[in-house]
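Here are my notes from going through the model, set out point by point. Have the coordinates open while you read.

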Amino acid sequence: MNQTRRNVLKAGGGASLYALLAAAGMLRPDTALAADWNQKAFEAKNLKDAFDALGAGSRADSIGIFMTAPEIAENGAVVPIGAVSKIPGTESIAILIAKNPTALAANFDIPAGTEPSVSTRVKMAETSEVHVLVKAQGKFYVTKKEIKVTIGGCGG
Amino acid sequence: MSSIKLRAVLALSGLVLACAAHAQQKEAAAPKKTAAPVKKAASAPKDAVTADFDKFREVMEDASPAELFEAKGEELWKTRRGPKNASLEQCDLGLGPGILKGAYVRMPRYFADAGEVMDVERRIVYCMVTLQGYKAEDLAKQPFSSESRTPDPVSLVTYVAGQSRGMKIAIPQKHAKEREAYNVGREIFNFRAGAWDFSCASCHGEDGKRIRTQELPNLTSKKDAIRAFQGWPGYRMTGGLMHTLQWRMNDCFRQQRFPEPGYASETIADLLTYMGVNANGQVYKGPGIKR
Amino acid sequence: MKTFQASIFGAAVLAIAFTVEAGDDRAKAVAMMKRDFHAKGIAGTDRLNEDGLQALCNRSGNNPSKAVGERLQQDQLEAIKYPADGKFLGDWKSGERIAQNGRGMTWSDGGAAANGGSCYNCHQIGPNETSFGTIGNSLRQFGKTRGNTPEMQKYVYGKIYNAKAFNLCSNMPRFGHSGTLTEKQIQDLVALLLDPSSPVNQ
Amino acid sequence: MADPMRIRAVIKDGAVNVKILMSHAMETGQRKDGDGKPIPAHYIQHVSATWQGKVVLSAQWGTAVAKNPFLEFSFKGGQKGEKIQVTWTDNKGEKRTDEATIN
């Protein structure tokens, strides 16, 4: 039995157990998560609305955020994007694509002990600025980069 | 032979997210819309662009969606299936029943039990028929990946190919039938016919040529021959579909303005023998990613 | 002496055997393809039947003997159907669209949509299209350097109609001969290349 | 049922590096099929990874994540031989959980 569970069991029953379990992430993910999915943010049609829905109406440009992405994507269907935050206390990292039909692509919660560094692959409708939004100690920071998209594939 | 495909942007008009990506069925007659973004790429320094593509291609190949199909193929290989309720573990890919390591880079090859030269997919179909009791005609009905399904042989080929990752291509030419397959394959490669007088060699017989911005490997040269092999089976970013060399050959013949070659036919096996043997000695990197 | 003769004889037999074998492989290849291919869409299996020109190019490694080659080239030239009204120059704007359009004659083509010329697949043409192929030569400034004379117009029309009339085993399809492009489409392409107002000549 | 994920968890530079590939269409809902009918949206909305009962990453996704999604992250504390579980849930309520051993 691991340390976390032992602590949980020691803490005993009732509401406090529930809170502890939730904090430790031991509840079935979907019960907690269904409420988490930020519908308003994910359905926002433009960058500004998406930022607003994420609570990032005001945000500072930061040199503490690093984005790894191609200058020119070989294919808009699969654009690799990596995001690293060097800002202390990073709580979440979001990827937004300005010119996509819905701007917010993904939002990652970074628990303590997890490195503020994620990579994924996104679809891009056209050449666009891609923004990485970081929440750290309750404040928002952003960096951006234009990624050109070439469409029209060949045989390969 | 890969002529630029102008994706079906028109057919999908009204589509806001024009991820050409997904619009993969038809070629459309409206080049403007699709050609425009290409210009941006082409106007940037070519070498830098290619280097950037290569860098991110490498990143993606490190965790390629092709692995999902390898996993699926492995499951299919080991599961008892078909009218005879058998797995494919007794399938002999040339190195003995069930031996997969290195099998892919040694095919096409001659199989005494079938009396024929077979490429990997032709052989897997043969095993599915003889061991599992499937019907070859059924497997040939819809042999290529679509949005709604990935045919079993595609996943199986991807699995088998993954078992030769990092190995040198060593397609045998010992048996008389193997040498004949090479020679006949060379003739198929050079055979001009059809509405536009094309052969494979029309596009793949000279160094340094392009169709639009797509570079064309010279498959008659030792240097480029590997490019026929490398990256296949390949996960195509456009549409996100897994395709094998059977599909590649089929679509080449389409663009060659030929009628359709039979799936897993001897024609394809011989053509792949010719192209494969030319690539002997080079290292196969495993299932890849295609644009 | 005997050995010498024998070796000549042996060499001759080998030479014959070699030729027979190469032809044999081709015969096997053709028979195999005819067995393995099936018609799909507009692409029938008759497309595997070589015409005389294809047969000659296939059998000579695209390098036929001068005598036969010239005769066949002359046949191709004589079969070109020039516009009845003697007009070669169409609309370059339409020509640009035809040059861009890469569809036509595959088994997934057919139906109402017009065929294109696939010109940019192989040639550099207009200054605004940087996505062009290199199988064919660059046609930038074609009219400017060649001149827009009636003879040049007729030549370009003929070349697009049937490139093989000028270079027997050329890689370029015979767009008129094969029924890919209409008379009007070819006139428009001629204009794209020769019309002084076409961007090709800017 | 959805096909299994591919999960690789490897100790690298003192942390567990996790790479995940998921088999999913990630249909945007903005496309139309050959007959002009809209193809309904079908995409993963949540991904969570747990180790020793602790959530080490939780993600919310929209339709812009590419088909057959990829995700990479790293967390501290994991040891060789321990397991991590990854669960995704899509907008149709379909879900899948797979497990991998840390190497």
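1. A word on terms before the contacts: a salt bridge here is a side-chain nitrogen of Lys or Arg within 4 Å of a carboxyl oxygen of Asp or Glu. By that rule B:Glu187 forms a salt bridge with C:Arg26, with the closest N and O atoms 3.6 Å apart. Do keep in mind that this is a predicted model.

2. On to the interface that this pair belongs to. How many salt bridges does the rule find across the interface of chain B and chain C? It finds eight. The same interface also has 27 residue pairs in polar contact, counting pairs with both residues at pLDDT 80 or more. On the side of chain B that touches chain C, helix H7 (176-190) is among the elements giving two or more residues, along with helix H1 (31-43), helix H10 (245-255) and helix H11 (266-278), to name some of them. H7(B) gives the largest share of that side, seven residues. Sorted by class, the side of chain B that touches chain C has 22 nonpolar, twelve polar and 17 charged residues.

3. Now the area. Chain B and chain C bury about 4,700 Å² between them, and 54% of it is on carbon and sulfur atoms. If you want residues to look at, try B:Arg192, B:Trp196 and B:Arg212: they supply 18% of the area that chain B buries against chain C, more than any other three residues. The contact involves 51 residues from chain B and 56 residues from chain C.

4. There is strand pairing across this interface too. Strand S8 (260-261) of chain B is joined by two bridges to strand S1 (residues 37-38) of chain C, and the two run antiparallel. In that pairing B:Glu260 stands opposite C:His38.

5. Chain B taken alone has eleven helices and ten strands. Of its 291 residues, 64% count as buried. Among contacts in chain B between residues at least 6 apart in sequence, 67% join residues at least 24 apart.

6. Chain B is also where to check the peptide bonds. Most residues other than glycine have a negative phi, and most peptide bonds are trans. A cis bond joins B:Met107 and B:Pro108, with omega about 5 degrees; B:Pro108 sits in the loop between helix H3 (66-78) and strand S1 (109-111) of chain B. Another cis bond joins B:Trp232 and B:Pro233, with omega about -10 degrees, and B:Pro233 lies in strand S6 (residues 231-236) of chain B.

7. Next, some positive phi values in residues other than glycine. C:Met105 has phi near 75 degrees and belongs to the loop between helix H4 (92-100) and helix H5 (119-122) of chain C. Is C:Met105 buried or exposed? Its relative accessibility is 12%, so C:Met105 counts as buried. D:Met26 has phi near 50 degrees, in the loop between strand S2 (15-21) and S3 of chain D. At 0% relative accessibility, D:Met26 is buried as well.

8. Strand S3 (residues 44-51) of chain D deserves its own point. Eight of its eight residues are buried. S3(D) pairs antiparallel with strand S6 (residues 83-90) of chain D over seven bridges, and there D:His46 stands opposite D:Thr89. Six bridges join S3(D) to strand S4 (residues 54-61) of chain D, again antiparallel, with D:Thr50 opposite D:Val55. The hairpin of S3(D) and S4(D) has two residues between the strands, and D:Gln52 in this hairpin takes a positive phi near 55 degrees.

9. S4(D) leads over to chain A. S6(A) and S4(D) pair antiparallel over four bridges, and A:Ala106 stands opposite D:Trp61. Chain A puts 38 residues in contact with 34 residues of chain D. The area buried between chain A and chain D is about 2,900 Å², with carbon and sulfur atoms giving 49%. A:Trp37, A:Arg121 and A:Lys123 supply 22% of what chain A buries against chain D, more than any other three residues.

10. Last, the polar side of that contact. Which residues make the one salt bridge between chain A and chain D? D:Lys76 forms a salt bridge with A:Glu115, with the closest N and O atoms 3.7 Å apart. There are also 16 residue pairs in polar contact between chain A and chain D, both residues being at pLDDT 80 or more. Strand S7 (114-122) is one of the elements of chain A that each supply at least two residues of the side that touches chain D. S7(A) gives the largest share of that side, eight residues.

How values were computed. Residues are numbered from 1 along each chain as its sequence is written. Chains are lettered from A and ligands numbered from 1 in the order in which they are written. This is a predicted model: local features need pLDDT of at least 70, side-chain atom pairs count only at pLDDT 80 or more; totals for chains, interfaces and linings use all residues. Side-chain values use heavy atoms; hydrogens and water are left out. Buried means under 20% relative accessible area, exposed over 50%, partly exposed in between (1.4 Å probe, protein chains only). Two strands pair if DSSP finds at least two bridges between them. Contact means heavy atoms within 4.5 Å. Buried area is the accessible area (1.4 Å probe) that two parts lose on being put together, summed over both. A polar contact is a pair of N or O atoms within 3.5 Å; within protein, one must be able to donate a hydrogen and the other to accept it, and residues adjacent in sequence count only if both atoms are side-chain atoms. Ala, Val, Leu, Ile, Met, Phe, Trp, Tyr, Cys and Pro count as nonpolar, Asp, Glu, Lys and Arg as charged, and the others, Gly among them, as polar.
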